[in-house]
Every structure is written in structure tokens, then in C-alpha cells.
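Welcome! Please take a look at the sequence and the structure below, then work through the exercises at your own pace.

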Amino acid sequence: MHRRHHDMGGLPAGPVEQAEHDYAPWEKKVDAIMRLLTDKQRKIMTVDELRRGIEEMGPGIYDELTYYERWIGSVTNTLIEKGVLTVDELGRAMEEAQARHAEAAKAVCP
Amino acid sequence: MSGHDHDHHHGHDHGHDHGHDHGHDHGPFQPDIEDRPLTHYQAMTEAVADLLVAKGIVTPAELRKMLEIIDSKSPAAGSKMVARAWTDPGFKQRMLEDVIAAAAELDIDAGGIPIKAIENTEGVHNVVVCTLCSCYPRLLIGLPPDWYKARAYRSRVIREPRAVLKEFGTEIPDDVELRVHDSTADLRYLIIPARPKGTEGWSAEKLEALVTRDTMIGVAVPQP
């Protein structure tokens, strides 16, 4: 029986890798963004929309991305679909974030 | 905290005189992680946050507050509930009927998505997974560990739970039934592990220390 990629229950897989990492600030930020967008006050998106976006990524990208990379990818696409953000705004804001980061990195150089 | 809130950021006012013709020379030291460009998805995260703020959809204060809430969630809330259930049969009954209401009795916010408590007994051991994604009672036990969200655990634990538990160092005797519960976005599970023998008369604090995150997922049993 064929099934979608995320539906992996019962399939063969290797040993459970038990190493854990502490969540990085940006990962927690993704989580915070999602929680705010889905809260009662805003209701801009739903958890089901988040999952749909992740499940539609397809097998290659699903495994290639880390957990919160999948999340922010899905959140961003959903916001674009809903017209909350445009692709152009996103591109500019990403460049600005990158530039700001580069400045901050320069500033810590001894 | 935002990825840009570097505590050691000291701006451009420090009159340094190191040459800039060398680009970014860090000598023999490993560069700090901040010195690398943001990854595509890190930049996307910053950009989305910035745009939501710029558009007035969220405020920086709301974002900060939410990050603090996320950081404040840990298995402590779940441990407290389980330890109470061990010592107060009435509470255990109420917890088995309605986790969210039982949590509220202890001033714990378990959120709005239904959570079902399942009790381990002498004859039955329970373990939780989310085969489709990563559903998890995070308000009671914090953010899920990496392995809970990873392919190996999600794929295998429903087919060969005994083998997977063994990898966690947990051997469930053959005469104990092993039940696996698959979470969904609409129903999560919290295991009430069996109270170990020899813990009679222990303080709540001492009991709570036995109830680790992994015992509430079901991949471990309390070790007195």
C-alpha cells in the first residue's frame, strides 16, 4: 500500500538515536511564532495548516530539513498563501536579517 | 531570546584598529557560531518575525513573553501530577477522567487540546508515539526530545516496541502486555508510570524526582 511520506508508522528504520540537543534560540522563535499565529487572539493559521504544509514537502525535502526548518518553511508558505506576507517582502526581510547578522558578527571580532 | 540579541555585542564604538583588509581573521580559534552567515531557514525565521512585528500582527513583547513561556515548560508539571496520583487515589481517578481539569487543581495549565492519562499497571506497560508528526503533551512535559520526532522511533515503536524500549535500557517482561498509543493533533497521551515498590512514605518531592520525562512517555520506568 502506498502512503504519504510522513506516514511512517511500522516501516523499517535504524536504531533510535538518543542524543538530544538543546533547542537553539531560532528554533524556539519558530515555535513562538507558530503559537502566536494560532492563538485565540489572532487565529491567523491552524496546526492543521502547519502539518499540511509539512506533509506536502515531499520525501526529499522532508528528510533533508531539520524539524524547525520544516516548521518555518510551512509557516512562511501558509502566510504567503493567505496574503499576510508577500514573497518580495520576505526576500527583502531575509536580506536585512542576514545583513544585520553580519554586522553583529563583525562587532564581536576582537 | 532572538538570535540577534548577543550579550557580547559591543557595537562599533570600541575604536579597534585591526586591519580590515584580511576579511575576518579569527586566528587559531574556532569562529563563534554567530560569525557564520545565518542559514536560509534561520534568516527566514528572523524575517517572518520582523515582518509580523512590522505589520502589527505581533508585538516584540508578545514574542518575548512567548519565548519565556516556552522556556518555562518542563516535565516538572507532569511529575507533580503523577506523584500526586500515586499518593491520592481520588486525584488519580480525576486525572484518568480529565487531565486538564486535574492539572487545574494543581494550578497547572495543560492547554486546551485533550490529553488522556494512561496508567501502567503490573500487567500492562504503555508507551506513546506520534507516528505522523510530533504530537506531545508539551505543556505538561516540555518540548519533545529529538528522538521522539525522528524517523527511527516513529517508524519502529509501533511494530517492535519491546526492541525499541530495550534500546532505551528498558526491558519489559514477556508476561507484561505492551500497548503503544499513537498521538494525534487532537489527542495526546501522558503515561502514569507504576509507582515503584519500596517508595511507601516518600515525600512528594522525592517521588516527583522519580517521574522523569521518559517515564511519562513510557520508554523508561521510574528507578528508585
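## Exercise 1: An unusual loop residue

A:K43 sits in the loop between helix 1 and helix 2 of chain A, where helices (H or I, at least four residues) and strands (E, at least two) are DSSP runs numbered from the N terminus. Before going on, note that this is a predicted model, in which local features need pLDDT of at least 70, side-chain atom pairs count only at pLDDT 80 or more, and totals for chains, interfaces and linings use all residues. Residues are numbered from 1 along each chain as its sequence is written, chains are lettered from A and ligands numbered from 1 in the order in which they are written, and side-chain values use heavy atoms, with hydrogens and water left out.

Task: find out whether A:K43 is buried or exposed, and describe its phi angle.

Solution.
- Step 1. Recall the cut-offs: buried means under 20% relative accessible area, exposed over 50%, and partly exposed in between (1.4 Å probe, protein chains only).
- Step 2. A:K43 has 64% relative accessibility, so it counts as exposed.
- Step 3. The phi of A:K43 is positive, about 45 degrees, although this residue is not a glycine.
- Step 4. Now try chain B: B:D107, in the loop between helix 5 (99-105) and strand 1 of chain B, also is not a glycine and has a positive phi of about 60 degrees. With 73% relative accessibility, B:D107 counts as exposed.

## Exercise 2: Helix 1 and helix 4 of chain A

Task: describe how helix 1 (residues 25-38) of chain A and helix 4 (67-81) of chain A pack.

Solution.
- Step 1. Two packed helices are described by the angle between their axes and the distance between the axes.
- Step 2. The axes of helix 1 and helix 4 of chain A come within 10 Å and cross at roughly 40 degrees. Axes here are lines fitted to C-alpha atoms, for helices over the stretch in contact, with angles running from 0 to 180 degrees between N-to-C directions.
- Step 3. That makes helix 1 of chain A oblique to helix 4 of chain A. Under 35 degrees counts as roughly parallel, over 145 as roughly antiparallel, 65 to 115 as roughly perpendicular, and the rest as oblique.
- Step 4. The crossing of helix 1 of chain A with helix 4 of chain A is left-handed, a term used if the near helix is turned anticlockwise from the far one by less than a right angle (right-handed if clockwise).
- Step 5. Contact means heavy atoms within 4.5 Å. Among the residues of helix 1 of chain A that take part are A:W26, A:V30 and A:L37, and those of helix 4 of chain A include A:Y68, A:I72 and A:L79.
- Step 6. The residues of this contact between helix 1 and helix 4 of chain A divide into 10 nonpolar, no polar and 3 charged. Ala, Val, Leu, Ile, Met, Phe, Trp, Tyr, Cys and Pro count as nonpolar, Asp, Glu, Lys and Arg as charged, and the others, Gly among them, as polar.

## Exercise 3: Across the chains

Task: work out how helix 1 (residues 40-54) of chain B crosses helix 1 of chain A and helix 4 of chain A.

Solution.
- Step 1. The axes of helix 1 of chain A and helix 1 of chain B come within 10 Å, crossing at roughly 40 degrees. These two helices are therefore oblique to each other, and the crossing of helix 1 of chain A with helix 1 of chain B is left-handed.
- Step 2. Residues meeting here include A:K29 and A:I33 on one side and B:Q42 and B:A49 on the other. By class, the contact of helix 1 of chain A with helix 1 of chain B has 8 nonpolar, 2 polar and 2 charged residues.
- Step 3. For helix 4 of chain A and helix 1 of chain B, the axes come within 10 Å and cross at roughly 40 degrees. Helix 4 of chain A passes helix 1 of chain B in a left-handed crossing.
- Step 4. Among the residues making this contact are A:G73 and A:T76 of helix 4 of chain A and B:M44 and B:V48 of helix 1 of chain B.

## Exercise 4: A covered strand in chain B

Task: which residues lie on each side of strand 4 of chain B, and which strand pairs with it?

Solution.
- Step 1. Strand 4 of chain B spans residues 188-192, and 5 of its 5 residues are buried.
- Step 2. In a regular strand the side chains alternate between the two faces of the sheet.
- Step 3. B:R188, B:L190 and B:I192 lie on one side of strand 4 of chain B, with B:Y189 and B:I191 on the other, and all are buried.
- Step 4. Strand 1 (residues 115-119) of chain B pairs with strand 4 of chain B in the parallel sense over 5 bridges; pairing requires that DSSP finds at least two bridges between the strands. B:L190 is the bridge partner of B:A117.
- Step 5. B:N120 lies in the loop between strand 1 and strand 2 (124-129) of chain B. At 6% relative accessibility, B:N120 counts as buried, and the residues that B:N120 touches include B:I191 and B:I192.

Note on methods. Lists of a residue's contacts leave out its neighbours within four places in sequence.
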